[in-house]
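Visitor: I am new to this structure and would be grateful for a close look at a single part of it, namely the sheet. Please also explain how that part sits within the rest of the chain.

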Amino acid sequence: MYKLPRVLKSLAESFERLPGIGPKTAARLSFYLLSVPESFLVDFANSLTDLKKKVLRCQICFGVDEEDPCYICSDEKRNQNLICVVENPLDIIAIEKTGKFLGVYHVLGGVLNPLHHIGPDDLKISELLVRVEKRSKSGEEVEILLATNPTMEGEATALYIKKEIKNRIFDDSKLKLSRIGSGLPVGADLGYADEVTLSKALSGRGDF
Ligand SMILES: [Zn+2]
């Protein structure tokens, strides 16, 4: 029986642990890397080792950057009273690409999903509530744009957050809750939506 060198086997096993990669692709990728220049491999390896060391999670919005707070939270030109709530950091990248959003973000780190035992405590919801409360005490207009995906779980999460905010903020005269607009197909993933669709969804946001 053909025996794979140990290094190749272990590399293939690592690839196989990535989402969407089966054993065949894992083996193909590992063999492919044998054929690339050494410099590519060094860069690749450096990116992997730096990943956890140099990518930080912003302690305000929980997005990712090399700085904490991230460049978006520390940008004074951004409206800190307009908070767009998203599921994942990838959603931020998608919305930023449209160039249409001038507020800040809050990354939940997922959505409520009872089937997978993901409850409110597993997401950055309490952190969001604290943020909203602090902002709304400033006396200025505050808008929370709920931009979870238009899936069943995304809708349920947006509704849950709305209820929690209403429970917590007694004076909501200056607080506006909005939901990312229609145009996004049901079940869509914001992180993968094209710029035109996303721009329309942002400008077409409605009260929630
Ligand atoms: Zn941030």
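Guide: The account below begins with the chain as a whole, turns to the sheet, and then follows the helices and loops around it. The model is a predicted one.

The secondary structure of the protein chain consists of seven helices and seven strands. Read from the N terminus, these elements follow the order α-α-α-β-β-β-α-β-α-β-α-β-α-β. The C-alpha trace extends over about 70 × 35 × 35 Å along its principal axes. Two domains are assigned: domain 1 covers 6–41, and domain 2 covers 76–207. Their centres, taken over C-alpha atoms, are 37 Å apart. Of the 208 residues in the chain, 26% are buried. Among contacts with a separation of 6 or more, 56% join residues that lie 24 or more positions apart.

The sheet itself may now be considered. In general, the strands of a sheet pair through backbone hydrogen bonds, in either a parallel or an antiparallel sense. Here the sheet is open and has five strands, arranged in the order β4-β3-β5-β6-β7, and its pairing is mixed. The edge strands are β4, at 103–107, and β7, at 206–207, each of which pairs on one side only.

Two of the pairings can be followed residue by residue. Strand β5, residues 142–146, runs parallel to strand β6, residues 175–179, and five bridges connect the two. Within this pair, Val142 stands opposite Leu175 of β6, and Leu145 has Ser178 of β6 as its bridge partner. On the way to the edge, β6 also pairs with β7, this time in the antiparallel sense and over two bridges. In that pairing Arg179 stands opposite Gly206 of β7. Strand β6 thus takes part in a parallel pairing with β5 and in an antiparallel pairing with β7.

A pair of helices comes next. Two packed helices are described by the angle between their axes and by the distance between those axes. Helix α4, residues 89–98, packs against helix α7, residues 195–203, at an angle of about 85 degrees, and the axes are 9 Å apart. An angle of 65 to 115 degrees counts as roughly perpendicular, and α4 and α7 are therefore described as roughly perpendicular to each other. On the side of α4, the contact is formed by Ala94, Ile95, Lys97 and Thr98, while α7 contributes Glu195, Leu198, Ser199 and Leu202. By character, the residues of this contact comprise four nonpolar, two polar and two charged.

The loops hold several further points of interest. As a rule, most residues other than glycine have a negative phi, and most peptide bonds are trans. Against that background, the peptide bond between Asp68 and Pro69 is cis, with omega at about 0 degrees. Pro69 belongs to the loop that connects β2, at 64–65, with β3, at 79–86.

Phe62 is not a glycine, yet its phi is positive, at about 65 degrees. Phe62 lies in the loop between β1, at 56–57, and β2. This residue counts as buried because 20 other C-beta atoms lie within 10 Å, and the cut-off for a buried residue is 20 or more.

His117 likewise has a positive phi, of about 55 degrees, without being a glycine. It is located in the loop that runs between β4 and α5, the latter at 125–136. His117 is exposed, with 7 other C-beta atoms within 10 Å, since 12 or fewer such atoms place a residue in the exposed class. The loop between β4 and α5 also contains Asp121, which is exposed too, with 7 C-beta neighbours inside 10 Å. From Asp121 to Asn88, 33 residues away along the chain, the distance between C-alpha atoms is 16 Å.

One last loop lies between α2, at 23–34, and α3, at 38–54, and it includes Val36. Val36 is exposed, having 10 other C-beta atoms within 10 Å. Its C-alpha atom is separated by 34 Å from that of Leu190, which is 154 residues apart from Val36 along the chain.

Terms used. Residues are numbered from 1 along each chain as its sequence is written. This is a predicted model: local features need pLDDT of at least 70, side-chain atom pairs count only at pLDDT 80 or more; totals for chains, interfaces and linings use all residues. Two strands pair if DSSP finds at least two bridges between them. Helices (H or I, at least four residues) and strands (E, at least two) are DSSP runs, numbered from the N terminus. Domain bounds come from an automatic or database domain assignment. Axes are lines fitted to C-alpha atoms, for helices over the stretch in contact, and angles run from 0 to 180 degrees between N-to-C directions. Angles under 35 degrees count as roughly parallel, over 145 as roughly antiparallel, 65 to 115 as roughly perpendicular and the rest as oblique. Two residues are in contact if their C-beta atoms, placed from the backbone, lie within 7 Å. Ala, Val, Leu, Ile, Met, Phe, Trp, Tyr, Cys and Pro count as nonpolar, Asp, Glu, Lys and Arg as charged, and the others, Gly among them, as polar.
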